[in-house]
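This briefing introduces a structure to a reader who has not met it before. Please view the sequence and the model together while reading the points that follow.

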Amino acid sequence: MKILLVSPPYALLGRYYFPVGIAYVSGMLKQHGFDVVCHNSALEDDWQAAFRRVLARERPDVLGVGALTPSYPYVKWMLQTAKEDLPGVTTLLGGGILGSEPDVFDALKPDIGVVGEGEAAAVELLHTLEHGGDLGQVAGILYRDAGGKTIRTAPRPFIEDLDTIPIPDYEGFNFRECYAHLYTHDMISSRGCPFHCTFCYSALGRGKHRAHSIDYVIREIRHLVDTYGVSNVGLMDEVFALRKERILEFCEKVKPLGITWYAQMRCGVVDEDLLATMREAGCHTVFYGLESMSTEVLRSMNKKLKPAEIERALELTYQSRMESFGNFIFGDPAETTETAWETLQWWVEHRQYFVNLGKIDCWPGTKIYHDAVAGGVVKDKLDFIEKGCPLTNMTKMPWDEFLDMLKRVWALHEGVLWPGRLLAARLEPDGSASARLVCPHCQAEVVFEHLEQMAMHGDRNAHRPLCELCHRRFDIPLRLPPVAPAPELQTLFDQALAHRAAGRLEQAMDCLLELFKTSRDHPVAVVLGASIRLAQGYPDRAKELVRLALRNNPAEPFMHDWAALCYSLYGDERMAGIFRDHAQLLRECRSPALAGADLGLLDPMEVLYGQIFPGGVADAVVGERPGGQ
C-alpha cells in the first residue's frame, strides 16, 4: 500500500511553511514500515500543477491531507482533484480543519476523517484498510457506511507519553528548502493547553497539557543542527512551560548547542532571574498572549490574566534586553468603544514594546464561534468557513460603531511609529542610503548603511532596524530612499492638480482614485484627495483616504497632520490628538538631519507638499455636505 501525504498551502504563513503536524504523522507511519511519500505544496510556484504531477507519478492507494481551517479552499480542490484524476484512491483528511468543525467532513467529502491527534490513529487506520478490517473499531475517525451515512467512532484518547512519538519527518517534507528561505523553524515541545481562552482552538487538546521530556526536545534540536545546520528555533507550543523548572532545564541543556531561540510564554511565569537565564542560554524573543488591557475584556476571554501582569512581563522582558512579541486583539463579545480605548491608550503610551494591534478572529472550534453559531451571528457554518471566516461582529456594538473601533486599531497599528532621533541622512548618486540616529531606548548613536537593501516592516513602509548596542528595535522617521512615483502615476497626479485648479473637483477625484488603484505611495496625492473630499463636504471619506494610506507613508509628518484634521472633523478628538502629537514627534526627530539639508533630495514629497499646501492643513476648505448623502 502506497501512501501519499500532502500538506496544502497555508495562506496565513505563505511560502516555505514547514507542516509540523502531518510531518509527525509521516514519521510515525515510516517507523511502522509503511510506504510513505510526502509532498509540501508550500514549496511550489504552481501548487496545483505540482499536486497533479505527484499524484500521477506516485499513483498512491491512499491520499492523506492535513490542514487547518484557513487552508479550506486548497483542501477542497485537492480532494476533488484526487478523485477526478485517480478515482480509486482512498482519501483521508485530518488536522484542525476537521477537528474544529466536523461538519466539513460532509462538505469536503473525504472517504475518511481523523479527528484529534493523528499519529496513532493513522497507524491503526491504515492497518485496518490494508487488511480489510472494520473501520468502526478504529477510534477517533469519521467514515461512511455502506448506505452513505456518516459514522463517527468513539473519541481516541490522547497520547500520554509524547516521547513515544518519533520526531517529525523533516526529510520527507523537504525541511532543508524551507529553512534555506526562512532561517528559522517553529517546533513544539508539548501539546494542548490547560486554559480555556474563548477565542482559541487547540487542535491538540483544550484543558489538558502534555509535554515531551527536555531530553527529547534537545535530541530533536541536535538533529536539526547536525543535519540541516539550523541555528535558530522557536518553541511555539501553546504553553512552552507551566513551571520554571522545565524552562531552566531547557536553558541548561540547550546552551551548549550554541543556537539562538525564542519561546511562547505566559506572562505570569516570568521573572527577572528567569529571563536573564533564558537570555544567557540564547533566547532573543519571548512571545506572550496579551490580548487586551481591559480587565473586563480579559475576564470575558477567560484569560486568567490581569493588566498588571501584562505590563510587568513586558517591562521585565524589555529590561532584559530581549524582544517581546504580542498582540492586542479587539472585538471580544465584551468589547465596547471604551474598553477598546483602555487598550489603545495604554498602547500609545507604551509603544516601546511594539505590541501588535488587530482584530479577534472567529475561528471554528472556539467558544466564541460556538456562541456566534448559537446566537445566529454565524448563520451557516459551512458558508462561513468557505468564505474564509470573514469579519464577525460578536460585540453588542452596532456595525458602524464596531467598524469605527477597528479602523482606529488599524490606523494606529499601521501609522504610529517609535522613532529614533535622526542626526544625519545620506542619499548617494548610486541610490544607496544611510542614516545616523540616536536610539530611543539606550540613547546611543547608531549608523545604518544600505537602507535601500533593508526590507521595510511588513505592516508599514518604515525601516525598523535593530540597535547593535542594546538589541532593541526602533523606527527611522524618514523614508530612505524616498518614494519615487512611477511616471504614469505622476501623470494622473498632475491631471488631478489641473482639474482642481479649474474647480473640477469630481474630475480631479476621479484621477486620484485611478492613481490609488495602483498605489497609495504618493502621500501628496493622498492629501490632495482628502482636501477635495473635505471641500465636497465629506470628512468621513477624507478620513478614510488618509487612514488607508498611513501604512504607506507613516514617516511623513504632514500625513499625520491631515489624519488629525480629518479625525477632528469626523468628531473623533482622541484620535485627532494622537496624530497631532505624533506629527510633532516626527518633526522633532527628523529636524536635526533635515535642517539645512537638501530636502528636495531626502524628502521630495515634503517639498511638493509645501508647494501645493503652503499653509499646511490651514489651507483646507471644508465644504457643506450635499443634502441626503
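**Cysteines and the main sheet**

Cys178 counts as buried, because its relative accessibility is 2%, below the cut-off of 20%. The model is a predicted one. The points below take up the cysteines and then an open sheet of seven strands.

**Cysteines**

- Cys566 is likewise classed as buried, because its relative accessible area is 0%, and buried means under 20%.
- A disulfide is a covalent bond between the sulfur atoms of two cysteines.
- With two sulfur atoms required to lie within 2.5 Å, the count of disulfides comes to zero.
- Cys178 takes part in no disulfide, and the cysteine sulfur nearest to it, that of Cys38, is 12 Å away.

**The open sheet**

- The seven strands of the open sheet follow the order E2-E1-E3-E4-E5-E6-E7, and their pairing is mixed.
- Strand E2 (35–40) and strand E7 (150–152) form the edges, each pairing on one side only.
- From one strand to the next, the twist averages 20°.

**A strand pair and a helix within this arrangement**

- Strand E3 (residues 62–66) and strand E4 (residues 90–94) run parallel and are joined by five bridges.
- Across this pair, Leu63 stands opposite Thr91 in E4.
- Helix H1 (residues 20–31) packs on the sheet, where it touches strand E1 (2–7), E2 and E3.
- The direction of helix H1 makes about 165° with that of strand E1.

Methods
Residues are numbered from 1 along each chain as its sequence is written. This is a predicted model: local features need pLDDT of at least 70, side-chain atom pairs count only at pLDDT 80 or more; totals for chains, interfaces and linings use all residues. Side-chain values use heavy atoms; hydrogens and water are left out. Two strands pair if DSSP finds at least two bridges between them. Helices (H or I, at least four residues) and strands (E, at least two) are DSSP runs, numbered from the N terminus. Axes are lines fitted to C-alpha atoms, for helices over the stretch in contact, and angles run from 0 to 180 degrees between N-to-C directions. Contact means heavy atoms within 4.5 Å. Buried means under 20% relative accessible area, exposed over 50%, partly exposed in between (1.4 Å probe, protein chains only).
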